[in-house]
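The exercises below are meant to be worked through with the sequence and the model open side by side. Each one sets a task and then gives a solution in steps.

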Amino acid sequence: MPGRAEGGVTRAMANRIKLTPSAKSLALHAGVVLLLLALNFLLPEYHRGVFARVLVLAVFAMGYNLAFGYTGLLSLGHAMFFAAGLYGAGLTVYHLEWSVWPAFAAGLAAGTGLALVVGFLALRTTGVAFMIVTLMFAQVFYLTTLYFTTYTRGEEGLVLPQSSRVLAFPGGALNLSDPSTRYLVALTLFTLVLTVILFLVRAPFGRSLVAIRENDERMRMLGYNVFANKLASVVLSGLFCAASGAAYAVLFGYVGSGFAAIQYSILPLLWVLVGGAATTLGPLIGTLFMFYVIDTASSYTTAHLLVVGLVLIGVILFFPKGIAGTVRGRWLPWLP
Amino acid sequence: MAAVTPLLVTRDLCRTFGGLRAVDQVSFSLPEGETHAIIGPNGAGKTTFVSLICGRVAPSSGSVVFAGDEISRMPAHRRVRAGIAYTFQITSVFANLTAFDNVALAVQRRLIDDRARGLSARALTEQGMDALTRVGLAEHAGKVAGNLSYGHQRLLEVAMGLALKPRLLILDEPTQGLSDGEIDNFIALVRQIGAEATVLLIEHNMDVVMALAERITVMEQGRILAQGTPDEIRADNAVQQAYLGG
């Protein structure tokens, strides 16, 4: 009988180990996307604008989550990847009068290239040194945007003319300054990145990243090239963050140094921590939550940062692993 | 047999830490298929020596040749893929992952290189469960590794090594901290492994060494003090003075 029992275990494992998302989690994520789609038609104008912005920034948070949540790389410099995308798209539209598609591609290329170089150098360090090195690179990037103020207009920034923010298709064109179009384009990008991450974390590459986070020396002695895997994670993370930045530029038509400053390196960390690190939906939840906390608090008081701080303490007390992380830990272990 | 080139050869291998010669001019050769034990007092350089072989530590001078290839400059992860597996002296498993996921990571790495078989959920499951079954942990597959008993974590370590299907398996003090009953199981397990792979074993427990090793190397202060069959080592005067305590 032991033979049969083993067979039973093997079959049970075959059901459990899957390299693709389970039907349940696919359904959940499809449901979330459909809900967001419905909100485009249900939300009042102001909130639809907020949601569009949150969807774009959630992509930034998802990119950050790949490096921080899944791979365990605590970067304090991700603003530079977001801003590289933002400037890559914004400057080419503004100065070179590129149309949206090539400008968006320029943003992606800028962010990915930067992530490759910074990752290659910064990943020689770990822990606190890695935090400091990434922070310094981001500061250099930020100061560079100020140095070339002739082209970037520094903190004041550039406003991209409405006429340039048109997404051309063979069959027609989308006006990105139209609120509904903007929301739907933001949702499309969000859905795309969410899907990639959902499949990625189940795939062998995603499993390797989590294992590297847990014990990188063990991974090395299992034959994995830890450096190459971490670098791939940083580059992919940089790509998603740049996609968010480039989309922000063309959707909202504003490009400024503020987005390269230190707070835009801290914000994605905060969004991911609040929403749940190493969860697929945590970044969206965290970004949305923080946006509304700040929005609501600042409509009642000028001391809104005090309220934000108190709310954050509450979240850490009751959701120590972030909202989605704690839900997964307590009730829904299958949540990716 | 004499004409067969050994699986592993080190020549004048040295490693110094500051002024300390942890491994000093060690020339060593290990024929394919042998189960070989390295013994010696604490600080004799045993762990440093095997770390030089598996690539966790870079040599100061000398060479390591594995299966005919010079590997002393090869990074550790590539040596693992060439067929050298190392199990840690201090248990090093993925504590937050299940026992199965631990082993699956080892299988996954090997399947990526295995063009014929390829990486699939099915192959991962089969080979992962196979490795767990061999060490007797199949029924614990779904448990989180950090919650397993210490003895089971040691076995999981070995299962990860086995899942790599290595040509050379290095076991660094595998029975440390195990109960007597667990040690008996362990001896049986290493015998089984030794039938297929070459095993290099660092061990303090002399009963385990005498039960398993076909040949023994005794190290002291970074050098090889003696080498031979268990009977020869038992009879060696220098070894008795240095290590066995008369």
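**Exercise 1: a strand pair in chain A**

In β3(A), A:N175 is the bridge partner of A:V166. This is a predicted model, in which local features need pLDDT of at least 70 and side-chain atom pairs count only at pLDDT 80 or more, while totals for chains, interfaces and linings use all residues. Residues are numbered from 1 along each chain as its sequence is written, and chains are lettered from A and ligands numbered from 1 in the order in which they are written.

Task: starting from this bridge, state in which sense β2 and β3 of chain A pair.

Solution. Helices (H or I, at least four residues) and strands (E, at least two) are DSSP runs, numbered from the N terminus, and two strands pair if DSSP finds at least two bridges between them. Strand β2 (residues 166-169) of chain A and strand β3 (residues 172-175) of chain A are linked by four bridges, and the sense is antiparallel. The connection from β2(A) to β3(A) is a hairpin of two residues.

**Exercise 2: the sheet of chain B**

Task: give the strand order of the six-stranded sheet in chain B, and find which strands are at its edges.

Solution. The order is β6-β7-β8-β3-β9-β10 (chain B), in an open sheet with mixed pairing. The edges are β6 (84-87) and β10 (223-228) of chain B, each of which pairs on one side only. Within the sheet, β7 (residues 168-172) and β8 (residues 198-202) of chain B run in the parallel sense and share five bridges, and B:I170 has B:L200 of β8(B) as its bridge partner. Helix α1 (residues 46-54) of chain B packs on the sheet, where it touches β3 (35-39), β6, β7, β8 and β9 (215-220) of chain B; contact here means C-beta atoms, placed from the backbone, within 7 Å.

**Exercise 3: two helices of chain A**

Task: decide how α12 and α13 of chain A are oriented to each other.

Solution. Axes are lines fitted to C-alpha atoms, for helices over the stretch in contact, and angles run from 0 to 180 degrees between N-to-C directions. The axes of α12 (residues 263-275) and α13 (residues 282-300) of chain A come within 7 Å and cross at roughly 110°. The two helices α12(A) and α13(A) are therefore roughly perpendicular, a term for angles of 65 to 115 degrees (under 35 is roughly parallel, over 145 roughly antiparallel, and the rest oblique). The residues of this contact comprise nine nonpolar, four polar and no charged, where Ala, Val, Leu, Ile, Met, Phe, Trp, Tyr, Cys and Pro count as nonpolar, Asp, Glu, Lys and Arg as charged, and the others, Gly among them, as polar.

**Exercise 4: where the chains meet**

Task: describe the side of chain B that touches chain A.

Solution. On this side 27 residues of chain B are in contact with 21 residues of chain A. Helices α2 (76-82), α3 (99-113) and α4 (121-135) of chain B each supply at least two of the chain B residues, and that side divides into 17 nonpolar, six polar and four charged residues.

**Exercise 5: an unusual backbone angle**

Task: locate B:E173 and say how exposed it is.

Solution. Most residues other than glycine have a negative phi. B:E173 is not a glycine, yet its phi is positive, about 45°. B:E173 lies in the loop between β7 and α6 (180-196) of chain B. With 19 other C-beta atoms within 10 Å, B:E173 is partly exposed, since 20 or more would make a residue buried and 12 or fewer exposed.

Conventions:
Two residues are in contact if their C-beta atoms, placed from the backbone, lie within 7 Å.
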